[in-house]
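Here are some friendly notes to read with the coordinates open beside you. I have grouped the points by region, beginning with a charged pair.

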Amino acid sequence: MRYEVLAPIGVRVHDVHIGSLRSQDTAEIRRLLADHGVAVIPNQHIGDDDFLAFLRSFGEMVFTDGETPVDGYADLNVISNVGRATPPKSTFHVDTTYVRHPPAYTALRAVEVPETGGQTLFSNQYNAYETLPAADREFIARRRVTHRVTGLTGMDGSAVHPLVSKHPLTHRKALYLSAPARCVAVSGMSPSDGAEFIEYLVDHSTRDENVHRHSWCAGDLVMWDNRCVMHRADHSGVVGDRIMHRGMVA
């Protein structure tokens, strides 16, 4: 296995086939994710059996209630623009933060790639924390944020997480945020001040120089570490069908 570092976040991994991973390969990818946030693994022309086995090598699967499961694969869900009259909406976020123990990893397998458009954007939350002014880093050191579910019909739930998290493998600090609509309260701040502060932190995190845009190719598999990455899909200008299968690991 070899890899090249992408700026400002991520690595592109070569000379590996996820259908025949060894335990040391999984350990190396886990370390790459902790260090670099995102792993782009091209040329993986596989089915969902291999995709699921790959994900399970990292830990127990989790599924977001309210999502559409892949037919025959209850641990995977479908992300698709097929049959939609309007493009899906997406803002920078972290998956399923409204539960006490959110998923550590998310991965997407490209099932069908559009002719144009449909990129996925990733922000480096290590950099986001480290480039804050010192006064802001001191201010947020003990702040906690209440995350609430949005966008899932009939779902309700919330959880409280530190605004600054320390990654268990790298011990680096990262800003732990999600979409502003999901971050509904900041400890020690009024609702209006808290909402304004979250907007400021998300804007800081997602400035262009802190974001990598991944343009999908057939056979791409992309995995990321939710503890140091936010992501969003860019649905503007998409021509053609965009179908992804998603899995998450606890």
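1. Let's begin with a charged pair in what is a predicted model. Arg56 and Asp75 make a salt bridge, and their closest N and O atoms are 2.9 Å apart. Arg56 belongs to helix 2 (residues 48-56) and Asp75 to strand 6 (residues 73-80), so the contact ties together parts that are 19 residues apart in sequence. Both ends are partly exposed: Arg56 has 46% relative accessibility, and Asp75 has a relative accessible area of 24%. As background, side chains of opposite charge can pair when their charged atoms come close.

2. A second pair to look at is Glu130 with Arg172, a salt bridge whose closest N and O atoms are 3.0 Å apart. It links distant parts of the chain, with Glu130 in helix 3 (residues 125-130) and Arg172 in the loop between strand 11 (164-166) and strand 12 (173-175), 42 residues apart. Glu130 is partly exposed at 38% relative accessible area, and Arg172 is also partly exposed, at 30%.

3. The third pair joins Arg213 to Asp234, with 3.1 Å between the closest N and O atoms of this salt bridge. Here the distant parts are strand 14 (residues 211-214), which holds Arg213, and the loop between strand 16 (229-233) and strand 17 (243-249), which holds Asp234; the two residues are 21 apart. Are the two partners buried or exposed? Arg213 is partly exposed, with a relative accessible area of 40%. Asp234, in contrast, has a relative accessible area of 12%, so it falls under the 20% cut-off and counts as buried.

4. One group of charges goes beyond a simple pair: Glu67, Asp95 and Arg246 are joined into one network by salt bridges that share partners. In the whole model, the count of salt bridges comes to eleven.

5. Strand 6, which carries Asp75, is worth following further. It runs antiparallel to strand 5 (residues 69-70), with two bridges between them, and Pro69 has Asn77 as its bridge partner in strand 6. The hairpin of these two strands has two residues between the strands, and Gly72 takes a positive phi near 90° there. Strand 6 is also joined to strand 17 by four bridges, again antiparallel, with Ile243 in strand 17 as the bridge partner of Ser80.

6. Next, please look at strand 15 (residues 221-225), where five of the five residues are buried. Leu221, Met223 and Asp225 point one way, while Val222 and Trp224 point the other way. Strand 15 pairs with strand 3 (residues 38-41) in the antiparallel sense over four bridges, and five bridges join it to strand 7 (residues 105-112), also antiparallel. Met223 appears in both pairings: it is the bridge partner of Ala39 and stands opposite Ala107.

7. Which residues touch the most other members of the largest nonpolar core? Among its 24 residues, they are Ile41, Phe54, Leu55, Phe58 and Met223. Strand 2 (11-14), helix 1 (23-36), strand 3, helix 2, strand 7 and strand 15 each supply at least two residues of this core. Helix 2 gives the most, with four residues. For context, nonpolar side chains tend to be buried together in soluble globular proteins.

8. Met223 makes a handy starting point for a contact map. Leaving aside neighbours within four places in sequence, its contacts include Leu33, Gly37 and Val38. Phe54, Leu55 and Phe58 are in contact with Met223 as well, as are Tyr105 and Thr106. Apart from this core lies another, of 21 residues, with Val145, Leu163, Tyr176 and Ile198 among them.

9. Last comes a separate item for the sheet list: an open sheet of three strands in the order 10-9-13, with antiparallel pairing. Strand 10 (158-162) and strand 13 (183-186) are the edge strands, each pairing on one side only. From one strand to the next, the twist averages 25°. Strand 9 (residues 144-148) and strand 13 are joined by three bridges, and Val145 stands opposite Val186 there. Val145 is also one of the residues of the 21-residue core.

Methods. Residues numbered from 1 in each chain as written. Predicted model: local features only at pLDDT ≥ 70, side-chain atom pairs only at ≥ 80, totals over all residues. Heavy atoms only, no water. Buried < 20%, exposed > 50% of the residue type's maximum accessible area, 1.4 Å probe, protein only. Pairing = 2+ DSSP bridges. Salt bridge = Lys/Arg side-chain N within 4 Å of Asp/Glu carboxyl O. Axes fitted to C-alpha atoms, helices over the stretch in contact; angles between N-to-C directions. Core = buried A, V, L, I, M, F, W, Y, C linked by side-chain atoms within 4.5 Å. Contact = heavy atoms within 4.5 Å.
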